[in-house]
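Student: Hi! Could you walk me through this one while I look at it?

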Amino acid sequence: MISRANYVAITLIMFVVLLMFQLTGISENVLMDTGENIYASEAVSEELAQNEKDRYEQQAEELYSENGTTDTVGLVGSESDECLTVGLQWCISQKKEYCYYSDLSEAAKDESGAGFLIVSGSSLESDEDTEALKDLAEQGRNVVVSGLPDTEILKENDDLRHSLGILEIEEDEITVEGFRLFAGLVIGGETIYEDYEQEMPYARLDDSVTAYAVAQSEEAWIQDLDNEDLPAIIWRYAPDEGKVYVVNGDYLTGQMGAGILTGFAADTEEVYVYPVVNAQVSVVENYPVMADENPEVMEREYGQNSSIVFRDILWPSIVAIFYDTDDAMTVTSSPRLNYEQGDELDESLLQFYYEQVTKESGEIGLSGYQVSDVPLEEKLTQDLQLFDEVLPDYEILTFQAGDLDKKEYEGLVGQGNLLSDVNTVLKDYDETDDGTFFSYLDNGVLQMPIYMDSRVMEDSDDFRSRCLQTAYGYYGTAVDTSKVLYPDSENDSWNIISNDWSKNYRPFRTPFECFEKTTASEADRRVRSYMALNYDTQFDGETLRIEADSADGDCYFVMRLHGNEITDMTGGTYEEIESGWYMVTVTEETAEITLSQTNHADYYIE
Amino acid sequence: MSFNFVTTVWIAKIFIIYTLMVVVLPYFVMRKFLQGRSITQKFVFSIVAGNFFYIMIVLLWGLVHITNRYVLIATTFAIPVGMAVKGRKKLWEGHVRQTWIHLRRFIKRENSFRYSMRIFFRWLGREIKSALRRLGIFLRKNIFELILFLGCSAFVMWYFSITNHFGPRASDLVVHMYWINGVDDGILYRAGIYPFGMHALLYYFHAVFDIPTVRLVLLFGTVQAFYIFTMFLAFLKEICRYRYTPYLTYVAFAVGSYLVSGRYARYYATLPQEFGMVFILPCVIALIRFFRAVRDENAEYKRMKEQKLLYTRIDGKRRWRESTIQLWLLIISFGLTLSAHFYSTIIAGVLVLAAAVAYIRFIFNPKTFRRLVCAAVIAIMIPVFPMAVAFAGGTPLEGSLYWALEVMGVSRSDETEQSEDASSENTSEENGNTAVDSSGENTKVSAQGDNSGETASSEPAQPELSLQEKISQFVENAKSTAVAMLTMLIFSSEGVLQAWVWCVPVLLVEIPLMWLLREWEYSRYIIMILLASIFLIILCIPDTFGLPSLLDQSRASIYCAYFILTGLSLAADGVLVVLGRIIRVRALWQFASLAMAAAFVFYTAEGGYIRVKTVNSSSLERDGAQLCVYDIMEKYPDEKWTIVSCNEERNMVSPVAWHYEVCDFLEEMENYSDDDEMYIPTQYVFFFIEKRSMDYSYGEFTDVDAEVSEYWASQELPPTSGLSQYSGTNRIITNSRLYYWAQEYQKRFPNEMKVYYEDDDFVCYYIEQNEYYLNNFAIDYGYNSRDYTASEVETYD
């Protein structure tokens with residue numbers, strides 16, 4: 001027998017449990033029913049966006065200096081030199097003052113001038129340059145040489161050779177299959193690139209040299225060499241207090257040169273701090289497609305029409321991969337890919353995808369991609385109509401421009417345009433672009449590059465990823481699902497795409513897990529804040545003080561330490577990325593970081 | 001953490017391990033056999049058996065090159081386990097059966113849990129109670145003795161533990177480390193055949209307990225000193241009849257400042273000679289006990305024969321007679337002295353000779369004589385066996401053996417082949433003393449004594465002397481030389497010498513008194529002590545008596561000092577024995593002995609006669625360097641690092657890492673050219689630099705400024721040859737050169753090359769390298785590309 005009191009108590013408990021479970025589901029549905037973009041409320045406000053843009057543009061202007069100081073970067077040579085363009089963009093992103101010198105002699109004469117100089121190796125030929133290099137080293141100033149001078153000049157000019165840390169030019173040109181990148185220059189640790197063929201002169205190096213990358217090859221003569229005699233690709237020569245950093249190749253002529261320059265700059269100081277974005281964006285491009293297109297191929301490859309394939313085959317694997325990698329989901333939808341044929345479109349799928357993506361705390365943007373040839377504005381108008389019908393309250397914050405020309409979309413995004421809510425444009429990465437890595441459109445919309453294909457991770461991709469993440473603390477990757485619908489090759493089958501996508505994560509991205517995974521809108525906010533950031537650092541040998549003037553909350557830095565470690569921090573938090581590299585989050589205006597030498601005797605004598 | 005504290009902890013750790021393994025474990029293994037014996041006997045048997053066992057297993061396995069940790073552990077436990085199995089019926093089968101009965105009952109629920117617990121706790125309570133009762137009885141009986149012993153022992157441990165300086169106290173310690181580490185590589189006699197007892201024992205602890213050799217060799221000296229002193233007390237307890245009279249000598253020797261402090265200097269270091277000292281007195285104890293047992297056995301034989309009970313006697317083949325046991329103790333102890341150091345064997349031989357003279361009556365018994373001769377042969381054969389096998393296998397003799405022979409006056413034609421190690425031992429063992437206290441150490445007392453200003457060569461021809469005059473002159477000469485030696489090398493003051501001299505007539509008077517009282521045994525002790533003292537004094541001044549010099553005077557005097565105060569206890573004890581025969585109240589005289597000991601302790605303490613501990617820093621290595629060696633060995637993975645330093649650290653780190661000598665390092669970039677290469681293929685490289693160089697083996701420089709300086713750096717690099725490159729001012733040059741190299745290299749590699757440790761005298765730099773692409777350390781640092789034939793070299797001002 002059960003007493004009445006017990007009966008009532010049990011009933012009440014059961015009711016409460018039932019209510020709790022039901023409420024979870026109900027609250028989720030309530031959230032879904034709003035049909036809003038959960039990131040819309042967190043998006044940067046119009047006023048703040050304008051403020052940050054203004055700050056950034058003002059800073060960029062103010063960074064130029066007529067006269068250099070020790071903290072200034074000196075760009076030596078013609079302004080049109082590719083390496084100087086990269087150097088200029090790097091200075092702007094790292095908020096470094098820069099100045100120009102016509103040649104090294106001028107820089108050397110300016111004894112109190114720029115402490116970190118960038119020069120193209122091809123411009124070094126005269127005895128004055130050699131003399132200037134020596135003088136600069138004695139003055140304790142550091143020089144980055146992009147590419148070696150002509151080998152004939154080097155062979156003839158002993159002094160020039162020695163001033164670059166070269167003992168002998170053994171071969172004018174050799175072909176190497178890859179290279180070994182040592183730990184320390186960029187984040188990611190030591191690695192070997194076996195498939196990174198390049199041609200380069202073979203220079204045997206002097207003493208006082210530290211190599212950052214040396215050639216790898218299966219060729220017998222290279223295999224027979226001592227490690228220290230291997231053809232070096234990137235090295236540092238330390239003839240005196242000042243160092244000469246030499247890049248034997250064209251790595252400083254593209255966007256990823258920013259990473260190498262960061263590594264060099266970090267090497268010149270015992271403690272080096274620079275701002276980063278701290279965001280990793282993973283985008284599923286052209287997903288979802290809700291129209292039933294290319295039925296022959298779909299039927300042949302998957303036995304179903306495309307909308308079903310996207311819903312029942314692609315979506316579960318996408319969720320699984322995002323779950324596994326812990327990436328934040330950004331999908332850029334293209335309801336149709338072919339706007340000319342008017343294939344059947346299941347509008348209810350949009351609601352379904354909205355609910356699913358929102359459950360995954362993801363974000364839906366719009367893609368500008370199509371296989372048809374209708375004007376972009378028309379395509380986007382159709383897409384917006386669909387959204388207005390199904391999700392009238394959904395604010396589309398992100399536009400995937402892909403490889404579209406800036407002119408095509410510039411007038412369609414941003415305040416007062418067709419896509420008025422959009423403040424982020426995801427564009428394809430261009431290594432040779434001479435503009436800044438992140439850029440503003442005139443109307444304040446931010447452009448962020450997607451520089452990786454989630455399916456592909458060749459050696460060159462890995463090196464690019466390391467360099468750009470080191471320089472900016474930003475990772476942008478995407479997988480294009482339109483290829484499933486319109487395959488170009490056998491490899492565009494979804495099982496191969498998803499396999500390639502998922503397998504690349506662990507070996508290549510885990511070293512960079514310290515950077516936060518964000519959606520495109522979250523990254524947008526961080527990039528804006530990063531670009532507008534104003535900061536100052538002071539180091540007294542034991543404590544590093546960072547004064548950060550951020551327009552939008554927390555700001556992020558990467559700290560490179562040589563033989564030191566962080567023991568304490570106030571005004572923020574820190575996390576070790578790898579040996580000698582730290583991720584620092586500054587949450588207050590001033591942060592203080594206490595350092596101590598890593599390797600030292602633990603004992604003392606009383 | 002303070003390195004001083006770490007060192008103290010290490011000393012305690014080594015002491016505990018040694019005590020447990022060498023004293024306690026053998027005692028437990030032999031406890032049935034030792035039952036009924038005195039604590040002294042138990043101690044002597046345990047320590048001798050323990051040392052013998054560990055030394056022999058290392059030596060025997062070493063001959064077949066199997067000396068790894070697991071073999072040694074297995075061998076160690078083979079005997080205890082074997083005995084436990086063999087004696088299982090008595091030892092543990094009953095307990096196990098009883099426990100099993102209780103367990104089974106509990107499992108079958110015949111006994112409740114509470115009842116089982118009650119049984120268990122009742123048993124536990126009984127055991128604890130019994131143990132506490134035994135402890136209480138022991139404390140009640142021995143409280144005063146315990147206070148005396150523990151007080152003196154604590155003083156000894158404190159006095160001989162150096163916790164404020166850390167370098168080696170003798171330069172050959174690193175050679176011993178090298179030899180011990182050789183066993184790690186399966187090479188028993190790495191530098192040639194040498195008495196390897198101490199090395200074998202230390203290797204055992206290094207291998208089994210994973211203690212770095214450098215720690216053992218640098219710190220074992222304290223433990224060794226404690227046991228040398230305790231063995232002395234055991235010997236005194238053996239010959240004195242009253243309980244507290246041994247403490248007169250023990251306090252005087254262990255705590256008092258009655259002897260020249262230089263005589264204690266070598267106890268700081270872990271040296272084979274001192275290790276061998278532990279086994280000298282057990283030889284005497286065993287011989288005395290042997291004679292005593294022979295006497296008793298003969299008496300018993302006689303008695304049984306008279307009573308016609310000989311047929312009841314158990315045959316010697318079926319049981320070990322006490323005399324045989326003691327003879328084996330003598331054999332093993334003597335063998336251990338030989339396996340440790342020849343000098344200890346010589347001294348053991350001298351003391352055995354003194355005992356044999358005292359017990360001459362027994363020697364003339366042919367049977368006893370035969371047994372003793374056999375024992376002598378076996379005692380020599382046991383330690384010589386491993387050496388003989390190794391010699392037969394082609395291992396040559398170690399150089400210092402030739403040196404020892406030379407000291408004894410035995411020269412060989414190929415003297416020039418003597419190894420550097422031999423000379424280093426010679427030098428160092430001399431110098432080991434200077435590191436602590438050099439008072440009177442290196443003064444050779446001549447045959448004419450200290451007042452013989454006139455030398456024989458310069459004297460005019462002496463007139464012919466009669467035999468009586470000659471004898472008289474000889475006696476006078478011997479007396480003055482002995483007094484001079486005792487004054488300069490043994491006793492700290494004339495007063496102490498006088499006091500000791502007064503003991504001699506007392507002992508001489510006691511001999512006939514003992515005969516009158518029919519205390520034959522006691523009289524033999526006195527004779528033995530007097531003879532041994534005389535022999536040891538003669539050993540210190542053999543020239544006076546026209547005898548060959550068997551060992552260095554400085555070494556002989558250490559043994560002499562060790563033994564010479566024995567007469568003090570025996571004289572006092574003898575008086576009590578005589579008085580005890582007049583008034584036969586033993587408790588009264590026991591109390592009198594306590595009063596004497598207490599009074600002496602009071603006198604020593606109040607009179608300011610407690611030895612003062614003054615320890616200078618090592619003259620061989622800077623404290624900072626030793627700290628760094630320990631710190632680096634503890635923290636960095638094996639074989640991943642190299643130390644670049646003068647010489648001392650080479651053998652300290654050799655088993656786990658690499659060493660590069662500074663001279664070799666600098667030589668690689670001397671007369672610098674672009675093609676010079678100097679690679680060290682380890683991830684971490686540490687550079688040890690003495691900012692203020694020491695005068696190697698002598699302490700600090702007094703005549704030159706030994707700080708690193710441009711002047712010294714600009715001197716020509718000493719040629720690389722032996723120790724000379726690190727001796728004298730060469731060491732300052734070498735350190736200065738390395739210092740300026742480090743300054744220049746740090747200027748070029750500020751992020752990589754850092755200071756690891758620095759104090760006023762020493763600095764350690766370190767660099768972490770990319771192992772795949774090594775740093776070329778050869779650079780032009782400003783002093784390695786100069787022309788030293790040019791006149792620009794400055795002169796020292």
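Tutor: Happy to. Keep in mind that this is a predicted model. A good place to start is helix H9 (residues 213-239) of chain B and helix H10 (residues 246-254) of chain B, whose axes come within 9 Å and cross at roughly 160°. With angles over 145 degrees counted as roughly antiparallel, H9(B) and H10(B) are therefore roughly antiparallel to each other.

Student: Which hand does the crossing of H9(B) and H10(B) have, left or right?

Tutor: The crossing is right-handed.

Student: And which residues make that contact?

Tutor: From H9(B) there are B:Phe229, B:Phe232, B:Leu233, B:Leu236 and B:Lys237. H10(B) brings B:Pro246, B:Thr249, B:Tyr250, B:Phe253 and B:Ala254. By class, that contact has 8 nonpolar, 1 polar and 1 charged residues.

Student: OK, over to chain A. At what angle do H11(A) and H17(A) cross?

Tutor: Helix H11 (residues 306-325) of chain A and helix H17 (residues 494-503) of chain A cross at roughly 5°, and their axes come within 11 Å. That angle makes H11(A) roughly parallel to H17(A).

Student: What holds the two sides of that contact, residue by residue?

Tutor: On H11(A), the contact is made by A:Ile313, A:Leu314, A:Ser317, A:Ile321 and A:Asp324. On H17(A), the partners are A:Trp494, A:Ser498, A:Trp501 and A:Ser502. Those residues divide into 5 nonpolar, 3 polar and 1 charged.

Student: How many residues of chain B are in contact with chain A?

Tutor: 28 residues of chain B are in contact with 24 residues of chain A. On the chain B side, helix H1 (3-29), helix H25 (623-635), helix H29 (729-748) and strand E6 (753-758) each supply at least two residues. H25(B) gives the most, with 4 residues. That side of chain B divides into 16 nonpolar, 5 polar and 7 charged residues.

Student: Back to single helices. Where does H4(B) bend?

Tutor: H4(B) bends by about 35° at B:Ala78, and B:Pro80, a proline, follows within four residues. The end C-alpha atoms of helix H4 (residues 69-86) of chain B are 26 Å apart, which agrees with the 26 Å its 18 residues should span at 1.5 Å a residue.

Student: How far does H12(B) reach from end to end?

Tutor: Helix H12 (residues 280-306) of chain B reaches 39 Å from its first C-alpha to its last, close to the 39 Å expected for its 27 residues at 1.5 Å a residue. Just after H12(B), B:Lys308 takes a positive phi of about 55°.

Student: Why would I flag a positive phi?

Tutor: Because most residues other than glycine have a negative phi. A:Lys95 is another to look at: its phi is positive, about 55°, although A:Lys95 is not a glycine. A:Lys95 lies in the loop between helix H3 (82-93) and strand E2 (98-101) of chain A.

Student: Last one: which residues does a cis peptide bond join?

Tutor: A:Tyr287 and A:Pro288, with omega about 0°. You will find A:Pro288 in the loop between strand E13 (279-285) and helix H10 (295-302) of chain A.

Technical notes: Residues are numbered from 1 along each chain as its sequence is written. Chains are lettered from A and ligands numbered from 1 in the order in which they are written. This is a predicted model: local features need pLDDT of at least 70, side-chain atom pairs count only at pLDDT 80 or more; totals for chains, interfaces and linings use all residues. The expected span of a helix is 1.5 Å times one less than its number of residues. The bend at a residue is the angle between axes fitted to the seven residues ending there and the seven starting there. Axes are lines fitted to C-alpha atoms, for helices over the stretch in contact, and angles run from 0 to 180 degrees between N-to-C directions. Angles under 35 degrees count as roughly parallel, over 145 as roughly antiparallel, 65 to 115 as roughly perpendicular and the rest as oblique. A crossing is left-handed if the near helix is turned anticlockwise from the far one by less than a right angle, and right-handed if clockwise. Two residues are in contact if their C-beta atoms, placed from the backbone, lie within 7 Å. Ala, Val, Leu, Ile, Met, Phe, Trp, Tyr, Cys and Pro count as nonpolar, Asp, Glu, Lys and Arg as charged, and the others, Gly among them, as polar.
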